[in-house]
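Biologist: I would like to learn how to read a model like this one, feature by feature. Can we walk through it together?
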Amino acid sequence: MKEDNGVICAAPWVHLYIHPDGQVNPCCTAQSINYGNTNEMSVQDAWRSDTASNFRQDLLDGKLQDACKFCYNQEKFGNGNSLRTRLNNDYGELITDNTKPDFALRYLDIRSSNMCNMACVMCGHALSSSWYEDGSALKYQVKEGASKFITLSNNTEQDILTIIDNKLEVIYFAGGEPLMTPYHYTLLNEVVRRGLAPNIKLEYNTNLSTLKYKKIDILDLWKQFKWVSIRASIDAVDDIGEYQRYGSNWEKIVKNWHTIKNEMPEVHVLPQITITNLSIRNIPKFLDYLVDQMHVDPFHWREPKGSQQFTYNMAVEPQRFSSVNLPKPIKDMYTVELSEYRDNLDIADERRNVVDACLEHMNSADPDLWHFRNGLKFLSKLDIRRNNSWKKLWPEFMEYDIDKN
């Protein structure tokens with residue numbers, strides 16, 4: 001591949017992200033780079049758009065991209081790993097000076113619907129239908145006149161089926177919740193029908209709340225594909241986990257996790273942890289639970305080579321949930337607790353890497369208390385609707401509550 005200038009990324013040469021509203025982007029995190037919308041053009045035309053071409057040229061020229069800051073942040077606080085580095089490792093040799101390359105998709109990331117049975121506090125209506133009522137009431141991320149469900153048009157769904165060919169290597173599904181989204185099954189069944197499944201890898205971010213859709217058992221479908229990787233969107237156990245991922249049932253998630261592990265041990269099932277200011281203090285408890293109860297091996301890096309057993313994202317947006325904006329006295333308390341936990345782990349234990357990343361990110365900048373205080377105000381409004389109480393779970397936040405008497 002071309003020499004890594006810290007900016008270059010294979011995504012614009014091999015990868016596409018398609019949002020439920022039809023927007024096409026280079027990847028799921030670079031959503032401010034809008035190639036076009038499938039309600040107005042074909043997927044291939046979006047790939048060849050001037051915006052896509054200019055973006056490729058900027059990367060070749062080594063220009064830092066604000067749209068790519070998520071990966072830059074992951075590389076800084078995640079041992080150098082990000083979607084950018086991963087795509088470069090897998091497809092770097094396909095990066096060329098041609099800024100309008102022939103359409104030859106290797107990796108498709110598709111979010112066909114915002115249909116979801118959870119309403120995680122750091123999410124919103126765009127990727128969760130379950131946020132519709134709360135978002136409408138709070139005037140948060142629900143456009144006036146918007147419908148509850150956002151889905152790809154029928155024309156777009158058919159267009160996607162036409163771009164599936166024998167060059168495609170990976171299909172990545174995420175939320176909404178892909179395992180309850182109808183088009184997910186339409187696409188998989190079509191890939192199987194064409195005989196392409198044995199050569200295609202499937203990757204998921206799923207809340208793991210279900211393994212069945214109508215009469216379909218997803219395990220039966222997965223057995224027909226080359227390889228399946230599950231990154232389960234789970235962040236904490238018990239009350240804190242169910243608060244952050246509102247609508248979740250922890251016992252059911254654990255049951256589905258073990259069902260996959262027992263019935264299809266070849267499937268990679270790993271946690272995809274979103275670390276917020278709500279979950280960071282409980283990371284030690286959660287990591288121990290993953291090891292002791294869900295049998296994640298912190299000493300064994302399984303295939304594919306270089307993959308982590310604990311995958312995680314540091315919440316950056318919305319800023320009210322970033323651990324960077326925790327007040328300094330709370331940061332100091334958490335730093336002591338997390339450091340003590342880390343220091344008692346074996347040097348080769350991967351849990352140390354997670355905790356180190358938490359500490360480094362949390363303490364990487366001075367807090368903006370406006371974001372933190374307004375985050376508590378937002379949660380207080382949300383709690384009234386959801387019959388929850390952040391105050392019971394995070395009493396250390398109480399003195400920063402704007403609305404306290």
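Biologist: Which residue follows α8, and what is the sign of its phi?

Modeller: Gly195 follows α8, and its phi is positive, near 80 degrees. Helices here are DSSP runs (H or I, at least four residues), strands are E runs of at least two, and both are numbered from the N terminus. First, the ground rules. This is a predicted model: local features need pLDDT of at least 70, side-chain atom pairs count only at pLDDT 80 or more, and totals for chains, interfaces and linings use all residues. Residues are numbered from 1 along each chain as its sequence is written, and side-chain values use heavy atoms, with hydrogens and water left out.

Biologist: What span should α8 have, at 1.5 Å a residue?

Modeller: The expected span is 1.5 Å times one less than the number of residues. Helix α8 (residues 182–193) has 12 residues, so 16 Å is expected; its end C-alpha atoms are 17 Å apart, which agrees.

Biologist: Which residues of α8 are buried?

Modeller: Buried means under 20% relative accessible area, exposed means over 50%, and partly exposed lies in between (1.4 Å probe, protein chains only). In α8 the buried residues are Tyr183, His184, Tyr185, Leu187, Leu188, Glu190 and Val191.

Biologist: What covers the buried residues of α7?

Modeller: Contact means heavy atoms within 4.5 Å. Helix α7 (residues 154–163) buries Thr156, Glu157, Asp159, Ile160, Leu161 and Ile163. Their cover includes β1 (15–18), α2 (43–47), β4 (107–110) and α8.

Biologist: Now helix pairs. At what angle do α4 and α14 cross?

Modeller: Axes are lines fitted to C-alpha atoms, for helices over the stretch in contact; angles run from 0 to 180 degrees between N-to-C directions. Helix α4 (residues 69–77) and helix α14 (residues 351–362) cross at roughly 120 degrees, and their axes come within 9 Å. Under 35 degrees counts as roughly parallel, over 145 as roughly antiparallel, 65 to 115 as roughly perpendicular, and the rest as oblique. α4 and α14 are therefore oblique to each other.

Biologist: Which residues of α4 and α14 meet?

Modeller: From α4 come Asn73, Lys76 and Phe77; from α14 come Ala357, Glu360 and His361. By class, this contact of α4 with α14 has two nonpolar, two polar and two charged residues. The classes are fixed: Ala, Val, Leu, Ile, Met, Phe, Trp, Tyr, Cys and Pro count as nonpolar, Asp, Glu, Lys and Arg as charged, and the others, Gly among them, as polar.

Biologist: How do α4 and α5 pack, and which residues meet?

Modeller: α4 packs against helix α5 (residues 83–91) at an angle of about 90 degrees, with the axes 8 Å apart. The two are therefore roughly perpendicular. Cys71, Gln74 and Glu75 in α4 meet Leu83, Arg84 and Thr85 in α5. By class, the contact of α4 with α5 has two nonpolar, two polar and two charged residues.

Biologist: What does Tyr72 touch?

Modeller: Tyr72 lies in α4. Leaving out residues up to four places away in sequence, Tyr72 touches Gly6, Val7, Leu64 and Gln65.

Biologist: How many salt bridges does the structure hold?

Modeller: Side chains of opposite charge can pair when their charged atoms come close. The criterion is a side-chain nitrogen of Lys or Arg within 4 Å of a carboxyl oxygen of Asp or Glu. The structure holds 23 salt bridges. One of them pairs Asp109 with Arg111 (2.8 Å, N to O). Both Asp109 and Arg111 are buried. Arg86, Glu203 and Arg231 are linked in a network of salt bridges.

Biologist: Where do Arg245 and Asp235 lie?

Modeller: Their side chains, Arg245 and Asp235, meet in a salt bridge (2.6 Å, N to O). Arg245 is in the loop between α10 (238–244) and α11 (250–263), and Asp235 in the loop between β9 (227–233) and α10, so the pair ties together parts that are 10 residues apart in sequence. Both Arg245 and Asp235 are buried.

Biologist: Which backbone values should I check?

Modeller: Most residues other than glycine have a negative phi, and most peptide bonds are trans. Gln141 is not a glycine, yet its phi is positive, about 60 degrees. Gln141 lies in the loop between α6 (132–138) and α7. A cis peptide bond joins Glu317 and Pro318, with omega about -10 degrees.
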